[in-house]
Amino acid sequence: MRDRGRDGDPEGRTHREVRRMNGAETSESPLRPGDLEEAADRLSEQADRLRSQLARNEETASALRADCDLDAADTGAKAVTLRELHSRAETDAALLERTLAALDRLRGGSFGICTRCGRPQGRERALALPHAELCVGCAGARGAGPGG
Ligand SMILES: [Zn+2]
């Protein structure tokens, strides 16, 4: 007993065009000289942005701390804000550190190489996330959170 579902499929397609297998090409797309410049630009821009964010963050925090004319409710809100500022600053500082380290690797010629397994990260990843130290495989194995 056959159930062919549809009768009217003259082409009888059995297989679709098979998409490129996942990860097949990541190690085969080396960075080009222009890519390094682009990555360097992005990293410097990112570093500048993070530095000014951190500076602004610090200004806000010290303005808050200096502001003593607050009643109890405001003091509570202030503590929450300060904590938020602090955790944002930590995130920014960590990213800034990674960004500067990536710039160092760029100058040292090891940019785009996974710092754990030593294999190329792949061009796409290196350009999309220039501050990433690890290849996709190692980042996944480590259980990386948001931000790679
Ligand atoms: Zn790796």
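How many residues does α1 have, and what does α1 reach from its first C-alpha to its last? In this predicted model, α1 has 34 residues and reaches 49 Å between those two atoms, which is close to the 50 Å expected at 1.5 Å a residue.

**View 1. The protein as a series of helices.** The secondary structure of this predicted model comes to four helices and zero strands, and along the sequence the elements follow the pattern α-α-α-α. The protein has 148 residues, of which 13% count as buried. Among the contacts in the protein with a separation of 6 or more, 64% are accounted for by residues 24 or more positions apart.

**View 2. The pairing of α1 and α2.** The helix α1 spans residues 33-66, and α2 spans residues 72-108. With 37 residues, α2 reaches 53 Å from its first C-alpha to its last, close to the 54 Å expected at 1.5 Å a residue. Two packed helices are described by the angle between their axes and the distance between the axes. Here the axes of α1 and α2 come within 9 Å and cross at roughly 155°; because angles over 145 degrees count as roughly antiparallel, α1 and α2 are therefore roughly antiparallel to each other. The crossing of these two helices, α1 and α2, is left-handed.

**View 3. Buried residues along the two helices.** In α1, the residues Ala39, Leu43 and Leu50 are buried, and what covers the buried residues of α1 includes α2 and α3. On the other helix, α2, the buried residues are Arg98, Thr99, Ala102 and Leu106, and these buried residues of α2 pack against α1. An α-helix has 3.6 residues a turn, so residues three or four places apart point the same way.

**View 4. The largest nonpolar core.** Six residues make up the largest nonpolar core, namely Ala39, Leu43, Ala102, Leu106, Phe111 and Ala126. To this core α1 and α2 each supply at least two residues. In soluble globular proteins, nonpolar side chains tend to be buried together. A closer look at one member of the core, Leu106, shows that Leu106 touches Leu36, Ala39, Ala40, Leu43 and Phe111, when residues up to four places away in sequence are not counted.

**View 5. The end of α2 and the loop that leads to α3.** Just after α2, Gly109 takes a positive phi of about 90°. Farther along, Cys117 has its place in the loop between α2 and α3, the latter spanning residues 123-128, and Pro120 is likewise placed in the loop between α2 and α3. Pro120 counts as partly exposed because 18 C-beta neighbours are found inside 10 Å of this residue, and Leu31, although 89 residues apart from Pro120 in sequence, is 9.0 Å apart from Pro120 in space, C-alpha to C-alpha.

**View 6. The surroundings of Cys117.** Is Cys117, in the loop between α2 and α3, buried, exposed or partly exposed? With 13 C-beta neighbours inside 10 Å, Cys117 counts as partly exposed, since a residue is called exposed at 12 or fewer such neighbours and buried at 20 or more. Leaving aside its neighbours within four places in sequence, Cys117 is in contact with Cys135 and Cys138. The second of these partners, Cys138, is 21 residues apart from Cys117 in sequence, and the two C-alpha atoms are 7.5 Å apart in space.

Note on methods. Residues numbered from 1 in each chain as written. Predicted model: local features only at pLDDT ≥ 70, side-chain atom pairs only at ≥ 80, totals over all residues. Contact = placed C-beta atoms within 7 Å. Core = buried A, V, L, I, M, F, W, Y, C linked by C-beta atoms within 7 Å. Expected span 1.5 Å × (residues − 1). Axes fitted to C-alpha atoms, helices over the stretch in contact; angles between N-to-C directions. Parallel < 35°, antiparallel > 145°, perpendicular 65-115°, else oblique. Left-handed = near helix turned anticlockwise from the far one by under 90°.
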